[in-house]
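Q: I would like to learn how to read a few local features in a protein model. Please start with surface exposure, then move on to backbone angles.

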Amino acid sequence: KARKLIDAHVKAVGGAKAFAQAEEGMLKATMEIVEAGMKGDMTVYTRGADMTMSLTFPNYGETLMGMIDGTTWSIDPQNGPRILQGKEREQFAQQNDRKYASRDESLIAKAETTALSDSDGRACYRVEIEWKSGDKTADCYGVDDQFLLSTESTASTPMGEIKQVTHLYDYKPMGAIKSPYKAKSKLAGMTQLITMQSFENSK
């Protein structure tokens with residue numbers, strides 16, 4: 001059952017109570033864009049529902065994104081300063097929303113296990129989700145360890161909507177819960193690798 005798989009993942013990373021607690025602090029990571037040969041430094045600050053992110057690539061510049069008191073914004077060398085609206089804003093807000101991350105039942109119209117699948121060579125159960133927002137995503141939960149191993153979605157970007165698949169690896173404690181310390185995404189033919197370096201809790 002889809003809900004059983006989702007709940008098993010929540011339990012594996014620390015339980016519903018720990019998952020619901022919003023972490024506050026500073027996360028440091030690196031991001032690589034493999035095909036472009038680029039590697040940059042990422043810093044994310046969180047405080048309650050507010051979040052800001054800085055991403056700097058040598059010879060390209062700094063990209064800043066944030067959500068403060070409900071206003072979501074972005075500043076980058078290619079597009080300049082923007083206020084994010086619509087789906088783009090919604091998807092950025094989801095990055096810091098534990099209800100979305102835990103696949104809270106109040107947000108989901110339908111969830112169904114559809115296949116025994118594969119996530120980068122790891123056996124997993126594919127769960128297709130229809131959200132009340134109208135979005136459709138697909139998760140893959142590990143057969144052996146119950147963690148969320150990958151997720152498929154459609155990203156809203158300044159270039160339009162783009163399909164993306166993100167594989168998650170190396171779950172370790174980060175604050176109150178276990179989080180993936182490595183993520184590999186495929187977006188518009190480009191491979192992004194994110195590796196967590198440290199998390200400093202401000203509480």
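A: This is a predicted model. Begin with Y125: at 32% relative accessibility, Y125 counts as partly exposed, because that class lies between under 20% for buried and over 50% for exposed.

Q: Where does Y125 lie?

A: Y125 belongs to strand β8, which covers residues 122-131.

Q: Which residues form a nonpolar patch on the surface with Y125?

A: A patch takes in residues with over 30% relative accessible area. Here L116 and V143 join Y125 in a nonpolar surface patch, and together the three have about 270 Å² of accessible area.

Q: Which residues of helix α1 are buried?

A: Buried means under 20% relative accessible area. In helix α1, residues 2-12, the buried residues are A2, L5, I6, A8, H9 and V10.

Q: What is the phi of G14, just after α1?

A: The sign of phi is the point to read here. G14 takes a positive phi of about 140°.

Q: Which phi value does N59 have, and where is N59 found?

A: Phi of N59 is near 65°, a positive value in a residue other than glycine. N59 sits in the loop between β3 (50-57) and β4 (61-68).

Q: Is N59 buried or exposed?

A: N59 counts as exposed, because its relative accessibility is 88% and the cut-off for exposed is over 50%.

Q: What about the phi of D170?

A: D170 is not a glycine, yet its phi is positive, about 60°. D170 lies in strand β11, residues 160-174, and counts as partly exposed because its relative accessibility is 35%.

Terms used: Residues are numbered from 1 along each chain as its sequence is written. This is a predicted model: local features need pLDDT of at least 70, side-chain atom pairs count only at pLDDT 80 or more; totals for chains, interfaces and linings use all residues. Side-chain values use heavy atoms; hydrogens and water are left out. Patches are made of residues with over 30% relative accessible area and no salt bridge: like charges are joined within 9 Å, nonpolar side chains (Val, Leu, Ile, Met, Phe, Trp, Tyr) within 5 Å. Accessible areas come from the Shrake-Rupley method with a 1.4 Å probe; for residues, only the protein chains shown count as cover. A salt bridge is a side-chain nitrogen of Lys or Arg within 4 Å of a carboxyl oxygen of Asp or Glu. Helices (H or I, at least four residues) and strands (E, at least two) are DSSP runs, numbered from the N terminus. Buried means under 20% relative accessible area, exposed over 50%, partly exposed in between (1.4 Å probe, protein chains only).
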